[in-house]
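Let us walk through this structure together, starting with one chain and ending with the way the parts meet.

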There are 2 protein chains.
Amino acid sequence: MESSKLEFLRGTLDVLILKSLVWEPLHGYAITGLIRRQSDEALLLEEGTLYPALWRLESKGLLASEWGLSENNRKAKFYRLTSKGKRQLQLETAAWEAYSAAVSKVLCAACPPKQQEAS
Amino acid sequence: MESSKLEFLRGTLDVLILKSLVWEPLHGYAITGLIRRQSDEALLLEEGTLYPALWRLESKGLLASEWGLSENNRKAKFYRLTSKGKRQLQLETAAWEAYSAAVSKVLCAACPPKQQEAS
DNA sequence: AGATTTCCCCTTGCATAACAAGGGAAAGTA
DNA sequence: TACTTTCCCTTGTTATGCAAGGGGAAATCT
C-alpha cells in the first residue's frame with residue numbers, strides 16, 4: 001500500500017467525501033473504495049484521515065450516520081448527506097472549480113508579465 | 001481588501017510561487033501582484049503567507065535571493081529560480097495536473113457506484 | 001483447528017502551513 | 001504635516017492530513 005504523497009488533499013477532502021455520498025449512504029470503508037476507484041487509484045484515503053473527517057462533517061450537520069449491516073453482513077456505520085450537506089456539496093464543488101481554474105490560469109500562463117495598466 | 005476565503009491554497013502555494021518566477025526574478029510584493037493578475041483577482045496572497053513560503057523555498061534550495069532596487073527605486077529582495085527550483089516546478093506542475101484531474105473525476109462522476117468487479 | 005486475510009471501527013500525537021494580526025521603514029504626494 | 005503606497009518581516013493560532021497504533025468479528029485457507 002504505497003502512499004501517493006499527494007499533499008494537495010488539504011482542502012479537498014471534505015468535498016470528496018460529500019460527493020461520494022450523493023447517490024446512497026455508505027460506510028467509511030466503502031467511501032475510501034469508491035473514491036479510490038472513481039479516481040483511478042489516484043486518491044488513497046488513509047483511515048486516520050477519513051474517520052476524523054467523517055466525524056467533523058457530521059458535527060457540522062452535513063452528514064448523518066446510522067449503524068447497519070454491510071453487504072458482507074458486518075456491523076457498519078452508514079453516513080448519508082443531510083440537506084445542509086447537499087447544499088454544501090454544491091457550494092464546495094463550485095469553489096473547487098473556481099479555484100482549480102484560477103490555479104490553471106497561473107500555471108499555464110505563457111507570456112512574460114509585461115504589466116500593462118489599461119488607464 | 002475583502003479576502004476570498006479560498007481554503008484550497010494549501011499545497012498549491014509553492015508551485016504558484018515557483019511559476020511566478022519562471023520568467024524573471026521578482027520581489028515578494030511583485031509576486032503577489034503577478035499571481036493576483038494572472039488569476040484574474042482570484043488568488044490573493046496574504047503577506048503572512050507569502051514571506052514564510054519564500055523563506056521555506058529558499059531554504060530548500062529552490063529559490064535564491066538578492067537585494068536590489070525595485071522599479072520604484074525601493075530596496076527590495078529579488079528571488080529567482082535555481083536550477084533545482086526549475087526542476088521542482090516541473091514536478092509540482094505535473095503533480096498538480098494529476099491531482100486536479102483525479103479530483104475532477106470524482107466530482108464529475110455521474111453514475112451511481114454499481115461496483116462491478118471484472119473477474 | 002489454527003492461521004491468515006479481509007472487512008470495519010477508532011484514537012493519539014506529530015508536523016505542517018495558511019492566516020490574522022501585528023510591527024517597521026522609506027519614498028512619494030497632498 | 002499627514003497620508004498612502006511600496007516593501008519587509010514575525011508571532012501566535014488553528015486546522016488538518018497522516019503515521020502509527022489498537023480492537024474485533026467474519027470469511028477463507030491450510
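Helices here are DSSP runs of H or I with at least four residues, strands are runs of E with at least two, and both are numbered from the N terminus. With that in hand, chain A reads along its sequence as α-β-α-α-β-β-α, which gives four helices and three strands. Please keep in mind that this is a predicted model.

How confident is the prediction for chain A? Its mean pLDDT is 88, and 87% of its residues reach 70 or more. Two stretches call for some care. Over residues 1-5 of chain A the pLDDT stays under 50, and the model has three contacts for them beyond four places in sequence. Residues 115-119 of chain A also have a pLDDT below 50, with zero contacts beyond near neighbours in sequence.

Next, how is chain A packed? Of its 119 residues, 30% count as buried. If you take the contacts in chain A between residues at least 6 apart in sequence, 49% of them join residues at least 24 apart. A residue you may like to find on screen is A:Trp23, in the loop between helix 1 (13-20) and strand 1 (26-27) of chain A. Is A:Trp23 buried or exposed? The answer lies between the two: buried needs 20 or more C-beta neighbours within 10 Å and exposed needs 12 or fewer, so A:Trp23, with 15 inside 10 Å, counts as partly exposed. The C-alpha atom of A:Trp23 is 9.2 Å from that of A:Leu81, although 58 residues separate them along the chain.

Now turn to chain B and its sheet. Three strands form an open sheet in the order 1-3-2, with antiparallel pairing. Strand 1 (26-27) and strand 2 (63-69) of chain B are the edge strands; each has a single partner strand, so one side of each has no neighbour in the sheet. Strand 2 of chain B pairs with strand 3 (residues 75-81) of chain B over seven antiparallel bridges. Within the sheet, B:Leu63 stands opposite B:Leu81 of strand 3 of chain B.

How do the two chains relate? A turn of 180° with a shift of 0.0 Å along the axis lays chain B on chain A with an RMSD of 0.1 Å. That is the relation of a two-fold axis. In chain B, the C-alpha nearest this axis belongs to B:Arg10, at 3.0 Å.

The contact between the chains involves 31 residues of chain B and 31 residues of chain A. On the side of chain B that touches chain A, helix 1 (13-20), helix 2 (28-38) and helix 4 (83-108) of chain B each supply at least two residues. Helix 4 of chain B has the largest share, ten residues. By class, this side of chain B divides into 19 nonpolar, six polar and six charged residues. Because 97% of the interface residues of chain B are also interface residues in chain A, the copies meet through the same surface.

Finally, look at DNA strand C. Among the 27 residues around it, A:His27, A:Gly28, A:Gly48, A:Ser70 and B:Gly48 come nearest. Helix 2 (28-38), helix 3 (47-59) and strand 3 (75-81) of chain A, along with helix 3 (47-59) of chain B, each supply at least two residues of the surface near this DNA strand. Helix 3 of chain B gives the most, with six residues. The classes on the surface near DNA strand C are nine nonpolar, ten polar and eight charged residues.

Definitions and conventions
Residues numbered from 1 in each chain as written. Chains lettered and ligands numbered in written order. Predicted model: local features only at pLDDT ≥ 70, side-chain atom pairs only at ≥ 80, totals over all residues. pLDDT = per-residue confidence, 0-100. Contact = placed C-beta atoms within 7 Å. Nonpolar A, V, L, I, M, F, W, Y, C, P; charged D, E, K, R; others polar. Near = placed C-beta within 6 Å. Pairing = 2+ DSSP bridges. Least-squares fit on C-alpha atoms with pLDDT ≥ 70 in both.
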